[in-house]
Amino acid sequence: MSATATNAVAATDVILRDGSTLRLRPPAVEDAEALLEFFSDLSEHSRYLRFHGFPVLGPKLVEAVLDPDWQERGALLGSHDGRIVALANWVRLRDPRVAEVAFTVGDDYQGRGIGTRLLEQLAARAAEAGIEEFVAEVMYDNRNMLDVFRNAGFAVTRVGEGGEFEIRFGIAPSTDYREHVAARDHVAVRASLEPFFQPRSVAIVGASKRRGSIGGELFRNVLAGDFAGSAYPVNRNGDSVAGVRGYGAISEIGGPVDLAVICLPGELVLPAAEEALGAGVRALIVISAGFAETGTEGAERQEQLLALVRDHGARLIGPNCLGIASSPVRLNATFAPRSFPAGKIGFSSQSGALGLALLERAQATGLGVTSFVSIGNKADVSSNDLLEWWEDDEETEMVVLYLESFGNPRAFSRIARRLARRKPILALKGGTTGAGSRAAGSHTAALAGSEVAVDALFHQAGVIRARTLEELIDVAALLSAQPVPRGRRVALVTNAGGLGILAADACEAAGLELPPPSDATRAALAEVMPAEGSSANPIDMLGGATGQSFADVLPLVLADPAFDAVIALFVPTVGSDEEGVGAAISAAAATTTEKPVLCCFVSAKGAPTALRSAASVPYFAYPEAAARALGRAAERGEWLRRPAGTLPELELRRDEAQTVVQEALAAGAGWLDARQTRRLLEAYGIPPVPERLAATPEAAVAAAGELGYPVVLKTAAPGAHKTEEGGVILDLGTEEDVRAAAERLHGPCLVQPFVRGGAELLAGAVQDPVFGPLVAFGPGGVLAELIGEAQFRLAPLTDLDADQLVHTAKAGRLVAGFRGAPAADEAALVDLLLRLSLLADQLPEVVELDLNPVLALPDGCLAVDARVRVAEHPPSRRTKSW
């Protein structure tokens, strides 16, 4: 653990099972007196359990925990309302892999999960320092501490007799441990958000009696929505607003206030927040601007606001947001121009204005919300927290997100994967750009970019990504009304041949298939369709089709097992009964619960009343929109049918790899040399081609004789793009050829056997500054960047993630055996990707790793060339642990 990493995060915020929050930080010298006061305030029983006796309460008692170096000792304290309420520490023992750990929680704060959260954080930091195991001496009757160790998720062993137990457990995070942490986070986050979504009382701070003011209009919105609880206007003079008695401060209200919404100028927010928190409020929404979005001064104000909220164990939405609406309690605490229609969508928007625009469009389509949250600067509550809430909210059947940035993509991925198994998640990501102008040193880095990372995140988590606002609403309308298709096979039923052709083109562009009807269905269609019509796909009933025509044809098509979905297309003609057609389509859709039915009505009047009132068949003005929406729904169906996958447990020599990286960093960040690269790859079981490093032409000749002819010579210069720089000479069959090639390379060279055959692939990893490690797989060789088509996934990969990379896109065609070539060893490639994924995940200092080409052979695979760049891992700027 490097010096910069030891204090990478000075403070960490944790969330407790009752929903309150606690800020943990290393004890400093100036905390000595407060720590002594903390120990003095403990009950005699608690002090006895902690120290196994009654120590002298003097400076020496706390010296060992002050200013921890995070190498030989580590410590964290928790503070609430300005005083220390918990302390935990570890000390490395004679066996450098083991540390003794101890915990103390104030009597008034026991039973809230603080000890467990301290253990999680201590274990994570100790592991970074090379600690592998914790040991603790626990009194027999210290049931609370025994429960902490037992329930944390670690595999605990307990030995001892008499009055003490020795507790031992490895602190490497296993799958079971991660699941325990995720379950604790879920319970705690939901508890913390309850005052936002189900408040019994709301105070609007800054609610003016002046019409047009944000605070005043927001308070009037709360009243107009018929909020199920009590609403209080708070303003400087205590003026009444809209006939409701006003107060000068929340503390004057005289009863509990669950939620406070602050609508004041930015410079007045901190005093108002402090007053609200001091009065017992545990949920704040700050509408006001003037924070991080304005620059350095605003960012400092935002940090002060968050610190104030944390010190009181509360939660915060915003600042710089639009507010919240929650249909179950009829709360509209926003300054939107109208109330939100009730429905079954949970909607979060990072942009308030865009969120309103989206809701306007959704309302026109007949969609409604269970809740709407504008998260603004998301200083605290983020979309990750909201996903936790909506997961168990029975009223919410779908989640829609507008995102501009990610604070913790890994947590998003974990929560979204779990939620998407039960409810669709639709997302529109703003701020899309190209890969940027950064000078990428490897093929993998050149192919990566922020949007690649977003696509990988959404793909793995089962999030449906819309590219436009229109598409987002279209997919939401489809999934809220119709079942998810079981496949991509679509039937088009139309009264206009040209419209059917356009729809067929759109379906192909959306990745959908148009198989012909079965023979039985064709025969049945011939009985009810004009002889001049077409029973192929598209099924064209001609311009004279009526509502009865659709009523006759659609049930036959829906019953055909050749199709997974149906799109009905209609263009009004002279004398056509649009209402009759709409009623027929709606009636046919009601006969199936397994196949989605979509409708495209190309009419200036829009969809007929029968479709709009039924709200069960989504209708579209153009076939392209219908096809795109169905394509996204088909993607969801495929994701749901895939098993979740598991993280592999592979034999690795991680310590050896870490030694390579630390030695390289000690000599200066940059590209590893050939020996270091080989040691790193072999430590993770990644198979490099056999090679020898030769300092002179004669040494190269000797190496070639040892390896066997023919051979390849390459420059040994660290980080070189060997082919582009003329640093690769192939198929050398004699000593003279080798000697001449070595002289041409002018310096140390690598000698490798010349391996013939096999598909050339690229496998690599790159550390994204926001999303963390990304793994790449695609066509390789000198044309890797030109061909493109590399697929990316976030590490760590599951077995199914790796399998999908190997079998899809252009790389999948090469692996399967392109144009008569023998098929490659798929299992070997999957294993390579899993090992590469673990390397990238466990060694964040490896910022770029390029295996290009990887030769995919019928009986294995070989990394023919490898380039690795290392750099100090930048400290995390996140303080939230969840």
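The points below go through some sheets, cores, contacts and a pocket of this structure, which is a predicted model.

1. A good place to begin is the seven-stranded sheet, which is open and has its strands in the order E15-E14-E17-E16-E18-E19-E20, with mixed pairing. At its edges stand strand E15, residues 331-334, and strand E20, residues 464-466, each of which pairs on one side only. From one strand to the next, the twist averages 20 degrees. As background for a reader new to sheets, strands pair through backbone hydrogen bonds, and the pairing may be either parallel or antiparallel.

2. Within that sheet, the edge strand E20 is paired with strand E19, residues 425-429, in the parallel sense and over three bridges. To follow this pairing in the structure, one can look for alanine 427, whose bridge partner in E20 is arginine 465.

3. A parallel pair is also found earlier in the chain, where strand E11 (residues 259-262) and strand E12 join over three bridges, and where alanine 260 stands opposite leucine 284 of E12. Strand E12 covers residues 283-286, and its side chains are split between two directions, with Ala283 and Ile285 pointing one way and Leu284 and Val286 pointing the other, although all of them are buried.

4. Turning to the interior, the largest nonpolar core is made of 62 residues, and those with the most contacts inside it are Phe196, Val261 and Phe412. The element that gives the most to this core is helix H15, residues 450-461, with six residues. There is also a second, separate core, which has 50 residues, among them Val475, Ala496, Ala510 and Ala625. In soluble globular proteins, nonpolar side chains tend to be buried together.

5. Which residues does phenylalanine 196 touch, once its neighbours within four places in sequence are left aside? Its contacts include Ala283, Leu284 and Ile285, which belong to strand E12, and they also include Leu259, Arg315, Leu316, Ile317, Ile324 and Val381. Leu331 is another contact of phenylalanine 196, and residue 331 falls in the edge strand E15.

6. Is glutamine 804, which is placed in helix H28 (residues 799-807), buried or exposed? Glutamine 804 counts as buried because its relative accessibility is 16%, and the cut-off for this term is under 20%. Leaving aside neighbours within four places in sequence, glutamine 804 is in contact with His459, Arg642 and Arg793, and residue 459 falls within helix H15.

7. The second largest pocket holds about 860 Å³ of space and is lined by 43 residues, of which Val105, Gly115, Asn144, Met145 and Val148 are the closest to its centre. Several helices and strands each supply at least two residues of this lining, including helix H3 (44-51), strand E4 (83-92), strand E5 (98-105), helix H5 (114-128), helix H6 (143-151) and helix H7 (175-197).

8. Finally, a four-stranded open sheet has the order E27-E30-E28-E29 and antiparallel pairing, with strand E27 (692-694) and strand E29 (728-732) at its edges, each pairing on one side only. The twist in this sheet averages 25 degrees from one strand to the next. Strand E28, residues 711-715, pairs with E29 over three bridges, and valine 711 stands opposite leucine 732 in E29. Across E28, E29 and strand E30 (749-753) lies helix H26, residues 735-745, which runs at about 10 degrees to E28.

Terms used: Residues numbered from 1 in each chain as written. Predicted model: local features only at pLDDT ≥ 70, side-chain atom pairs only at ≥ 80, totals over all residues. Heavy atoms only, no water. Pairing = 2+ DSSP bridges. Axes fitted to C-alpha atoms, helices over the stretch in contact; angles between N-to-C directions. Core = buried A, V, L, I, M, F, W, Y, C linked by side-chain atoms within 4.5 Å. Buried < 20%, exposed > 50% of the residue type's maximum accessible area, 1.4 Å probe, protein only. Contact = heavy atoms within 4.5 Å. 1 Å grid on protein atoms, 1.4 Å probe; cavity = no way out; pocket = protein on both sides within 12 Å on 5 of 7 lines; lining within 4 Å. Points joined across faces, edges and corners; volume = space filled by probe spheres on them.
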